[in-house]
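Me: I keep reading labels in structure descriptions and never know where they come from. Can we go through some of them together?
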Amino acid sequence: MAADAVGLATRTVEGLAPAARSALRSGVHSGVRTTGAPRGALPCAVCAGHPAGRPTGRPTGAAPTPGDRYAAGRRPVLLAVAHGSRDQQGVAATGALLARVRALRPELRVRCCFLDLAQPSLPQALAEPADAGEEVVLVPLLLGAGYHLRVDIPTALTEADASARLAPALGPHPLLAAVLADRLAESGRPPGAGPVVLAAAGSSDPAANADTRRMADLLARRLGDGRPVVPAFLSAAGPTPAEAVAALHAAGHRDVAVATHLLGPGFFARRAAGTGARWTSAPLGTHDALARLVALRYDEACRTAALR
């Protein structure tokens, strides 16, 4: 039975603590640079192609967000912070997503940096001198709360001793469920074909894994076909996607799909593709709903009063 397989596949993540939902607010600088990167680090195409991260001007008719105190003036820089990857396609996927954000919101100045493995790094971005009076909203391109959001980014912001705002993680959110559902359809899985395994990166932080479980619930509701969606983790927690697929196969489900809950190509995406599932979706990648979510997190932070 599907319920037995779900219980078997998810038994190791039962009892996870709920994610901390308090917003983090601290300092960050908006500048980035793409020169002088350490050997082996990959530059961001968005930063290289748009070194200032600025459009030529606010487009006529750009609609302000209700309640946005910046509606009549200069808006803060959107500084996106991605995890980073050694995979050139993974870094390019970040650039393509932010290019889509720029196309969606041409009035915004969009810049990027990375937590690891690619350039510019977050410390580099924080070290650049600011324009006079320039404000920054830091938008983590992370799919859930976890150590990076709770510790790494706030620590870097505190060490920078600059003023800015930190938006929440991208997920869990219904817009991510919409992207996942589209990617599953593109993989060839027909509606109602069988159970789905949601393959997330995984974390030693229970809050991040709890967000994945909530994302699995959101995807099940989005699909609306009555098939279970089993959360699984590519590292640091269990079950792994391969274990979840095997459990479902053992329970008699021949047609199992894997929904790849990753932003772009790379090591984890390749591992997600090797589970033995009948269908495996591509990573989230460049999608209008994902670009809207990045902009939404930015707008939410703009509506929140800075702590300092």
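Reply: Sure, let's start with helix 6 and helix 7, which are oblique to each other. Before we dig in: this is a predicted model, where local features need pLDDT of at least 70, side-chain atom pairs count only at pLDDT 80 or more, and totals for chains, interfaces and linings use all residues. Residues are numbered from 1 along each chain as its sequence is written, and side-chain values use heavy atoms, with hydrogens and water left out.

Me: Why are helix 6 and helix 7 called oblique?
Reply: Their axes cross at roughly 60° and come within 9 Å. Axes are lines fitted to C-alpha atoms, for helices over the stretch in contact, and angles run from 0 to 180 degrees between N-to-C directions. Under 35 degrees counts as roughly parallel, over 145 as roughly antiparallel, 65 to 115 as roughly perpendicular, and the rest as oblique. So the pair ends up oblique. The crossing is also right-handed (the near helix is turned clockwise from the far one by less than a right angle; anticlockwise would be left-handed).

Me: Which residues of helix 6 and helix 7 meet?
Reply: On helix 6 they are Pro174, Leu176, Ala177, Ala178, Leu180, Ala181 and Leu184, and on helix 7 they are Met215, Leu218, Leu219, Arg222 and Leu223. Contact means heavy atoms within 4.5 Å. By class that contact has 11 nonpolar, no polar and 1 charged residues. Here Ala, Val, Leu, Ile, Met, Phe, Trp, Tyr, Cys and Pro are nonpolar, Asp, Glu, Lys and Arg are charged, and the others, Gly among them, are polar.

Me: What makes helix 6 roughly antiparallel to helix 10?
Reply: The axes of helix 6 (residues 174-187) and helix 10 (residues 288-302) cross at roughly 165° and come within 8 Å. That angle is why the pair is called roughly antiparallel. Leu175, Leu176 and Val179 of helix 6 touch Ala289, Leu290, Arg292 and Leu293 of helix 10. This crossing is left-handed.

Me: And how do you know that helix 3 and helix 10 are roughly perpendicular?
Reply: They pack at about 75°, with their axes 9 Å apart, and therefore they get the roughly perpendicular label. Their contact has 7 nonpolar, no polar and 3 charged residues.

Me: What makes the peptide bond between glutamine 119 and proline 120 worth a look?
Reply: That bond is cis, with omega about 0°. Most residues other than glycine have a negative phi, and most peptide bonds are trans. Proline 120 sits in the loop between strand 4 (118-119) and helix 4 (122-127). Glycine 171 and proline 172 are also joined by a cis bond, again with omega about 0°. As for phi, alanine 236 has a positive value near 70°, and it lies in the loop between strand 8 (229-233) and helix 8 (241-250).

Me: What lines the largest pocket?
Reply: The lining has 41 residues, with His83, Leu142, Ala201, Leu262 and Phe268 nearest the centre. A pocket, on a 1 Å grid over the protein atoms alone, is an open set of points where a 1.4 Å probe fits, with protein on both sides within 12 Å along at least five of seven lines; lining residues have an atom within 4 Å of a point. By class, the lining divides into 20 nonpolar, 17 polar and 4 charged. Helix 7 gives the largest share, 5 residues.

Me: How do you know what counts as a helix or strand?
Reply: They're DSSP runs numbered from the N terminus: helices are H or I with at least four residues, strands are E with at least two.
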